Amino acid sequence: MSKYAFGVALWAGAELRLALPDDVLRHIDGMLSDKNQWSSFRAQDIGMIVVGVAAQAKIERKRWSPIAAGLFAFLLDRYCSPSGLFFDAARGSRRRYASFATQTYLLLACYAYGELMNDDRAIQIANTCTRKLIELQGPNGEWPWFFDAANGRVLDFYEVYSVHQYGMAPAFLELAEQHGILEARNAIIKGFNWVFGENQLSTPMLVPELQLTIRSQVRRGELHTKKWRVFRALRNSMLGREAALINPSELELRRECRSYELGWILWSFGQRSDLPELTHNEMFVEPLRKAG
C-alpha cells in the first residue's frame, strides 16, 4: 500500500472520530519510528502523513505532536527549495522535478502543522509557495502540471487537469485566504472558471447529465504516453526555458473521471457558502432541477 494512504487513514479517522484498527496503527508506528524510512517519502507521502498526524494531534496531543514536529523538521530540511516551491523527494536527481500535486500536498501539510502548533514559520513557508504558484498560474486560470522546483520555473503546462482547477488548488488556496493571501480568492475563481469553459478549447470540463468531469486537456498524441512530456521537461530544464501554452489546435480532451477527483471538490467546497457563483453555477443546479 502507498505510504500516503496511511496519512489519509489518520486524517479520516481523526475527522470522523473513528479509531484505526490496531494492526494499522502498529504499522504506522513502525513506519514513523524508523527515521531511515523517511528519506524514501515522496512529497505526497510526507504531505498526507503530516496532515494526518496533525489531525490526530488535535485529539491526542501528547502522543502525536512530537511526531508531527519531527516530520515537519524533516520536511523543512529536505523538501523546501529557495525558489519557494517544494521538491518532490528528499534526495536524488529526480527531486527537483516537481508536479502541481507535489506543491498541493506539502502546502496542506505546512498549513496543517502551522495551525496545530501555532508555528508562524510554517504558515509563511506555505504562503510563499502559494504566492509563487499564483504568479505562475496561466492566463486562463490554468495550473501548470510540471515545475523545476530548484529555480521556480514551469517546465510544462500540460496536462492541465480539471481536478487541480476545482479541487486541489482551492484546498490550499482557501487556507491561504485565511492566512492573509488576499489574491487567493481570485485565483480560486479564475481557476474554477477554466472548468466552466473559459479555457483554451472553450469547452466546459463538466458533464452534468452524467454527474462526471472530464479529466484533462492534453497535447495531441500524448494520451497514452508520457515520454514526450518527460523529454520536453528535461530539455526545458537543461536549456533554462520557461514553458508556455501552445496553440489550442494541438490539444485534445482526456475523457476520464476518477473517483478521487470528485472527492477533492467536496474537500474544498463541502463547507463553503461564500462562493455561490461557483458552488451554485447553473451547470450544477440544472441537473438537480431536472432530477427533482
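This briefing looks at a small sheet, the helices on it, and one buried arginine. The model is predicted, so local features need pLDDT of at least 70 and side-chain atom pairs count only at pLDDT 80 or more, while totals for chains, interfaces and linings use all residues. Residues are numbered from 1 along each chain as its sequence is written, and side-chain values use heavy atoms, leaving out hydrogens and water.

**The sheet**
- Three strands (DSSP runs of E, at least two residues, numbered from the N terminus) form an open sheet in the order E1-E2-E3, with antiparallel pairing.
- E1 (97–99) and E3 (153–156) sit at the edges with a single partner strand each, so one side of each has no neighbour in the sheet.
- On average, neighbouring strands are turned by 40 degrees against each other, direction ignored.
- E1 pairs with E2 (residues 146–148) over three bridges; pairing takes at least two DSSP bridges.
- Ala98 has Phe147 in E2 as its bridge partner.

**Helices on the sheet**
- Helices are DSSP runs of H or I, at least four residues, contact means heavy atoms within 4.5 Å, and angles run from 0 to 180 degrees between N-to-C directions of axes fitted to C-alpha atoms, for helices over the stretch in contact.
- H5 (residues 100–117) packs on the sheet, touching E1 and E2, at about 70 degrees to E1.
- H9 (residues 227–239) lies across E1, E2 and E3, at about 145 degrees to E3.

**Arg254**
- Arg254 is in strand E8 (residues 251–254).
- With 10% relative accessibility, Arg254 counts as buried (under 20% relative accessible area, 1.4 Å probe, protein chains only).
- The Arg254 side chain reaches the backbone oxygen of Leu223 at 2.8 Å.
- Beyond neighbours within four places in sequence, Arg254 has contacts including Glu159, Ile214 and Glu222.

Key:
Buried means under 20% relative accessible area, exposed over 50%, partly exposed in between (1.4 Å probe, protein chains only). A polar contact is a pair of N or O atoms within 3.5 Å; within protein, one must be able to donate a hydrogen and the other to accept it, and residues adjacent in sequence count only if both atoms are side-chain atoms.
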